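Student: I have a model open and want to know what stands behind the terms used for it. Can we go through them one at a time?

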Amino acid sequence: MNTQTRPDAMERIVNLAKRRGLVVPSAEIYDSPGAIYDFGPPGVLLKNNIKAAWWRRFVQGREDVVPIESAVITRREVLAASGHEASFTDPLVECRICHQRFRADEEIPPADHAHDLTEPKSFNLMFKTALGATEEGAALAYLRPETAQGMFTNFRTILDTARMKVPFGMAQIGKSFRNEITTGKWLFRLREFEIAEIEYFVRPGEDEAWFERWVGEWETFFTDLGLAPARLRRFEHPPETLAHYSKRTVDLQYEFPYGWSELAGIANRTDYDLRRHQEFSARDLTYFDEGENRKYHPYVIEPTMGIERAMLAFLVDAYREYPGGRTQRSETRESEAVLHLHPRLAPITAAVLPLVRRERLPEIARQITGELRAVWFVEYDEAGSIGRRYRRHDEIGTPWCITVDSQTQQDGTVTVRDRDSMAQDRVPRQDLREYIGQKLEAGSPTRTDAPAR
Ligand code: GAP
């Protein structure tokens, strides 16, 4: 199979995403505010599939993890107690001439800005807002920068209502907000994004063993969904880069087209958050351990990941370009793009294509689409030649194209074409659900070569 590696892979994926309406700059008709994006139909579906895979694995599939959803607007007191008001900062420098701002610890300002920079000062990344109808009476609040705090402030409630025993976890997926100084790199660093994280409460002393287990769990989430293990590695934070709450943090880094960067992380937050909230709220946030007959503040292991960052990694990993097309028969010999996404992540699970627009084939194809739509996202597509339709669906990662032809009229079978191998199976129409269902459960994408980069 002939593929090409390209240094401009990121740009090509951004273009594909724009062309197919996966991701677009927010409110672009007014000029985008920067690092805020909207998601069109395939983008929403891909994001939802990532979240569903996460939810199924870490919440639905485990007795020791319960779901919660806490509010985005967060009282100042919460983020004062958590230390974010004082410490959730990045060092900022400003060019005195053009007033452009840079992150002093990460971004090296371009040469034409390096001559006259201010001294670094701490810039808090949280978005402020006000609670209350009058300006005088309004109380300062923040849009949460992480979902974690809602799990600590609900610790007592969950203990009392869900009757959980240590070790147990709370899981949440939700919007988080950070007024990042420097952005760019598309979905990598956003100002509004979703975090999926677990606060896993354990006995002090058992935290280190649980930490190791969660690093492994987090890693296999990505590799089981097809991410190339060779492009994933662990990065142990040195003490100077640990967050203010962390005793130990391991990042899972992915080799993005611009280099190795954090994809997800696992932190040992110790009993820092529960102690601080107990101190600031004067509520008892200890846990009574019946087995040990003592009270303590559990330690917290926190595996976390950004949904859009995961989406970026899955897209980069799945994207291939085939110069001249994938088959000798390709009509145009144009370059073809394929998203070899794991079938469970693919925005559209199957497309149903009538071979021609006559002989009742569209009608049958629409019936099949309706039947399968009860279970998965399935699209009906009759526009253009069959080869063109295959390519359109390859480009957006649809794992199976179901073609209805004149034989369908005679014996009730359809052709199912596999996106990765391009092999075609003849399947009785009534077996489609089982056929696709089995493949989805087993499924991992077939890719024989390195991602385009
Ligand atoms: N509660 C812990 C926490 O928030 P974090 O490493 O600051 O940890 C969690 O963020 C995850 O969110 C990161 O591993 C990354 O995947 C993602 N993330 C962080 N900042 C982001 C940003 N500005 N844009 C997109 N994703 C981001």
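**The ligand shell and its surroundings**

Tutor: We start with composition: in this predicted model, the shell around the ligand is made up of 8 nonpolar, 3 polar and 9 charged residues.

Student: Which residues surrounding the ligand are the closest?

Tutor: The shell has 20 residues, and the closest are Glu-146, Glu-180, Leu-190, Glu-197 and Glu-262. A residue counts here if one of its heavy atoms lies within 4 Å of the ligand.

Student: What makes Leu-190 a polar contact of the ligand?

Tutor: A backbone N or O atom of Leu-190 lies 2.7 Å from a ligand nitrogen atom. The cut-off for a pair of N or O atoms is 3.5 Å, so this pair qualifies. Leu-263 is judged in the same way: a backbone N or O atom is 2.8 Å from an oxygen atom of the ligand. For Gly-306, a polar backbone atom lies 2.9 Å from an oxygen atom of the ligand.

Student: How much of the accessible area of the ligand does the protein cover?

Tutor: On its own the ligand has 550 Å² of accessible area, and the protein covers 91% of that. The space taken by the ligand is the largest pocket.

Student: Which strands supply at least two residues each to the shell?

Tutor: They are β11 (192-202), β14 (259-270) and β17 (299-306). Strand β14 gives the most, with 5 residues.

Student: How many aromatic pairs does the whole structure have?

Tutor: The search finds 20. One aromatic pair is formed by Phe-155 and Phe-201.

Student: Why is the pair of Phe-155 and Phe-201 called tilted?

Tutor: The centres are 4.8 Å apart, and the limit for a pair is 6.5 Å. The planes make 45 degrees; stacked requires under 30 and edge-to-face over 60, so tilted is what remains. Phe-155 belongs to helix α6 (residues 155-162) and Phe-201 to strand β11, so the pair ties together parts 46 residues apart in sequence.

Student: What is noted about the backbone in the loop between α6 and β10 (168-177)?

Tutor: Pro-167 lies in that loop, and the peptide bond from Val-166 to Pro-167 is cis, with omega near 5 degrees. Arg-163 is also in the loop between α6 and β10. Although not a glycine, Arg-163 has a positive phi of about 50 degrees.

Notes: Residues numbered from 1 in each chain as written. Predicted model: local features only at pLDDT ≥ 70, side-chain atom pairs only at ≥ 80, totals over all residues. Heavy atoms only, no water. Polar contact = N/O pair within 3.5 Å; in protein donor to acceptor, adjacent residues only side chain to side chain. Areas by Shrake-Rupley, 256 points an atom, 1.4 Å probe, with all protein chains shown as cover. 1 Å grid on protein atoms, 1.4 Å probe; cavity = no way out; pocket = protein on both sides within 12 Å on 5 of 7 lines; lining within 4 Å. Sits in = over half its atoms within 2 Å of the grid points. Helix = DSSP H or I, 4+ residues; strand = E, 2+ residues; numbered from the N terminus. Nonpolar A, V, L, I, M, F, W, Y, C, P; charged D, E, K, R; others polar. Phe/Tyr/Trp six-rings, centres within 6.5 Å; stacked < 30°, edge-to-face > 60°.
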